[in-house]
Amino acid sequence: MSISDNLLKIKESIPEHVALVAVSKTMPASVVHEAYEAGHRLFGENKVQELSAKHPRLPSDIQWHFIGHLQTNKVKYIAPFVHMIESVDSLKLLIEINRQAAKSGRIINCLLQFHIAEEESKFGLNRKEAALMLGDPAMSELNSINIAGVMGMATFTDDMEHVRQEFRNLRNIFDWLKSTYFSDHAAFREISMGMSGDYPVAIEEGATIVRIGSLIFGERQYH
Ligand SMILES: *Cc1c(COP(=O)(O)O)cnc(C)c1O
């Protein structure tokens, strides 16, 4: 199966209102270009250095989503071009994204990442942290960001019932934030959840963005 066959097959299996982020981490620019040639424009990367290196080598109409843990001091490298940062997990980070976006004369779309998995290692906010962050007076001054929704990663397990409960939890968090903080903000509408192994369940539970790597590009090789 070629990359374009894989993309076609996945696109046939997801509803039209769900966006597909092709996660191209570890893949060389030439491989990303193959997906681009097949008509795909939305890609995801999880490392600043890798994204900064790939971005200038690829067409400028690609929309890049940053999906990895982001350190405040690295925001400046991606702020001039990144379309969405899906992994916002602190007010400090949000303030820096706003600052760098303003410098570039841009508005950067952001998702709030929530910790929904059992694994300790996965980053993200809990409800209490999110409430503190969104209730902070500093929020009202952030005019160069658009908070567009939430993102989460489920536990890495074959137990799809367990994964479904975690996705349902993220959906509930989204509904709570929407009604409490974003009821008059139409752009707050995205739920990014689901990867190669669990995206059909994520869509059943309300995902509007799925992030898929290995099903499109094949298994990743780490050196
Ligand atoms: C790598 C990654 C994905 C894609 O994983 P696959 O299992 O290859 O589909 C999705 N989201 C995040 C945050 C990732 O780091």
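Is T155 buried or exposed, and what is its relative accessible area? I looked this up before anything else. T155 has a relative accessible area of 8%, and buried means under 20%, so T155 is buried. I note here that the model is predicted.

**Entry: T155**

I placed T155 in the loop that runs between β6 (145-152) and α7 (160-181). I then looked for polar partners of its side chain. The side chain of E166 is one of them, in a polar contact of 2.6 Å with the side chain of T155. I also found a polar atom of the T155 side chain 2.9 Å from the backbone nitrogen of E118. My summary for this residue is a buried loop position with a side chain that reaches polar atoms of E166 and of E118.

**Entry: the chain as a whole**

I counted secondary structure next. The protein chain has nine helices and eight strands. I checked the radius of gyration against the globule rule: a compact globule of 223 residues would come near 17 Å, and the chain has 17 Å, so the two agree. The C-alpha trace spans about 50 × 40 × 35 Å along its principal axes.

For burial, I read that 51% of the 223 residues count as buried. The exposed surface of the protein chain is about 11000 Å², and carbon and sulfur atoms supply 50% of it. I also looked at how far apart in sequence the contacting residues are. Taking contacts between residues at least 6 apart in sequence, 59% join residues at least 24 apart.

**Entry: the ligand**

Which residues are around the ligand? I listed V23, K25, I67, M153, M195, S196, R211, I212, G213, S214 and R220. Sorted by class, this shell holds five nonpolar, three polar and three charged residues.

I then went through the polar atoms. The side chain of S196 has an N or O atom 2.5 Å from an oxygen atom of the ligand. G213 uses its backbone instead: an N or O atom there lies 2.8 Å from a ligand oxygen. For R211, a polar side-chain atom is 2.9 Å from a nitrogen atom of the ligand. Taken alone, the ligand would expose 390 Å², and the protein buries 91% of that.

**Entry: H65**

I found H65 in strand β3 (residues 63-66). Its relative accessibility is 3%, so I entered H65 as buried. What does the side chain of H65 make a polar contact with? The partner is the side chain of E86, at 2.6 Å.

I set aside the neighbours of H65 within four places in sequence and listed the rest of its contacts, which are V21, L42, F43, G44, E45, H83, M84, E86 and I209. I also took one C-alpha distance: H65 and I85 are 5.8 Å apart in space and 20 residues apart in sequence.

**Entry: L134**

L134 is in helix α6 (residues 127-134). With a relative accessibility of 11%, L134 also counts as buried. Beyond its neighbours within four places in sequence, I listed contacts of L134 with L112, M139, I147, L177, Y181 and F182. From L134 to T180 the C-alpha distance is 9.8 Å, across 46 residues of sequence.

**Entry: T26**

What is the phi of T26? I read a value near 75°, which is positive in a residue other than glycine. I flagged this because most residues other than glycine have a negative phi. T26 sits in the loop between β1 (19-23) and α2 (29-37). Its relative accessible area is 30%, so I entered T26 as partly exposed.

Note on methods
Residues are numbered from 1 along each chain as its sequence is written. This is a predicted model: local features need pLDDT of at least 70, side-chain atom pairs count only at pLDDT 80 or more; totals for chains, interfaces and linings use all residues. Side-chain values use heavy atoms; hydrogens and water are left out. A residue is near a molecule or strand if one of its heavy atoms lies within 4 Å of it. A polar contact is a pair of N or O atoms within 3.5 Å; within protein, one must be able to donate a hydrogen and the other to accept it, and residues adjacent in sequence count only if both atoms are side-chain atoms. Accessible areas come from the Shrake-Rupley method with a 1.4 Å probe; for residues, only the protein chains shown count as cover. Ala, Val, Leu, Ile, Met, Phe, Trp, Tyr, Cys and Pro count as nonpolar, Asp, Glu, Lys and Arg as charged, and the others, Gly among them, as polar. Helices (H or I, at least four residues) and strands (E, at least two) are DSSP runs, numbered from the N terminus. The radius of gyration is taken over C-alpha atoms; the globule rule is 2.2 Å times the number of residues to the power 0.38. Buried means under 20% relative accessible area, exposed over 50%, partly exposed in between (1.4 Å probe, protein chains only). Contact means heavy atoms within 4.5 Å.
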